[in-house]
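Here are my comments on the model you sent, set out as numbered points that can be read beside the coordinates. I begin with one of the helices and then work outward to the rest of the chain.

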Amino acid sequence: MKIAVASKNGMVTEHFGYCENFNIFEAENNKIVKSESIPNPGHKPGFLPNYLNDMGVNVIISGGMGGSAIEIFKGKGIQVITGAKGSAKAASEQYLQGMLKSNGSVCNDHMHHDECGH
């Protein structure tokens, strides 16, 4: 399983499209076995869900996300977790333990992309 976390400095960001990078965690038997950080290639409508799908991501974790991106991810069978905070690795570990659930935070106004979920 591959989990992508929208991150900046190892912390979950408020809006996945404007994150600095994606921390990608590979898990086996509910344990992280590999991790890497890839730079965000840029925020363009519809691009990032396809980009992460092509990387084999199964789960995306972020503080908030736009409704269109959520729908694209869901259409590709990728689970979306929004409302996450704190360390990207800790959020992934919480997800693997069944302790991280989505709060359904959807960003509607991209003028204030650092304030999603509020």
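1. Which exposed residues does the face of α2 turned away from its buried side carry? They are Ser68, Glu71 and Gly75. Please keep in mind, here and below, that this is a predicted model.

2. The other side of α2 is formed by Ala69, Ile70 and Phe73, which are the buried residues of this helix. Around the helix axis these three cover an arc of only 100°, which puts them on the same side of α2. The partners against which they pack are α1, β5, β6 (65-66), β7 and β8 (106-107). Just beyond the helix, Gly77 adopts a positive phi of about 80°.

3. As to the overall layout, the protein has three helices and eight strands, and from the N terminus on these elements follow the order β-β-β-β-α-β-β-α-β-α-β. The chain has 118 residues, of which 42% are buried. If one takes the contacts between residues at least 6 apart in sequence, 50% of them join residues at least 24 apart.

4. Helix α1 can be described in a similar way. Its residues Leu48, Pro49 and Leu52 are buried, and, seen down the axis of α1, the buried residues fall within an arc of 100°, so they line one face of the helix. The cover over that face includes β1, β3, β5 and α2. Just after α1, a positive phi of about 90° is found at Gly56.

5. Asn53 also belongs to helix α1, but this residue is partly exposed, with a relative accessible area of 27%. Once neighbours within four places in sequence are set aside, Asn53 is in contact with Lys76 and Ile78. The C-alpha atoms of Asn53 and Phe73 are 7.9 Å apart in space, while the two residues are 20 apart in sequence; Phe73 is one of the buried residues of α2.

6. Helix α3 spans residues 88-96, and in this helix Ala88, Ala91, Ser92, Tyr95 and Leu96 are buried. Viewed down the axis of α3, these buried residues fall within an arc of 140°, so they line one face of the helix. What covers them includes the strands β1 (2-8), β2 (11-12), β3 (21-28), β4 (31-39), β5 (59-61) and β7 (79-81). At the N-terminal end, Ser87 acts as a cap, with a side-chain oxygen 3.3 Å from the backbone nitrogen of Lys89. Just after the helix, Gly98 takes a positive phi of about 75°.

7. Asn23 deserves a separate look: the residue sits in strand β3 and is buried, with a relative accessible area of 11%. Its side chain is joined to that of Ser7 by a polar contact of 3.2 Å. Apart from neighbours within four places in sequence, the residues in contact with Asn23 are Ile3, Ala4, Val5, Ser7, Gly10, Glu36, Ser37 and Ala88. Of these contacts, Ala88 is one of the buried residues of α3, and β3 itself is among the strands that cover the buried residues of that helix.

8. Where is Gly42 found? The residue lies in the loop between β4 and α1. Its C-alpha atom is separated by 7.7 Å from that of Tyr18, a residue 24 places away along the chain. If residues up to four places away in sequence are not counted, Gly42 touches Phe47 and Leu48, and Leu48 is one of the buried residues of α1.

9. How much space lies in the largest pocket? The computed value is about 200 Å³. The pocket is lined by 17 residues, and the closest to its centre are His43, Pro45, Gly46, Ser68 and Ala69. The elements that give two or more residues to this lining are α1 (47-54) and α2 (67-75), with α2 giving the most, four residues. By class, the lining has eight nonpolar, eight polar and one charged residues. Two of the residues named above come back here: Ser68 is on the exposed face of α2, whereas Ala69 is on the buried side.

Note on methods. Residues numbered from 1 in each chain as written. Predicted model: local features only at pLDDT ≥ 70, side-chain atom pairs only at ≥ 80, totals over all residues. Heavy atoms only, no water. Buried < 20%, exposed > 50% of the residue type's maximum accessible area, 1.4 Å probe, protein only. Arc of directions from axis to C-beta. Contact = heavy atoms within 4.5 Å. Polar contact = N/O pair within 3.5 Å; in protein donor to acceptor, adjacent residues only side chain to side chain. 1 Å grid on protein atoms, 1.4 Å probe; cavity = no way out; pocket = protein on both sides within 12 Å on 5 of 7 lines; lining within 4 Å. Points joined across faces, edges and corners; volume = space filled by probe spheres on them. Nonpolar A, V, L, I, M, F, W, Y, C, P; charged D, E, K, R; others polar.
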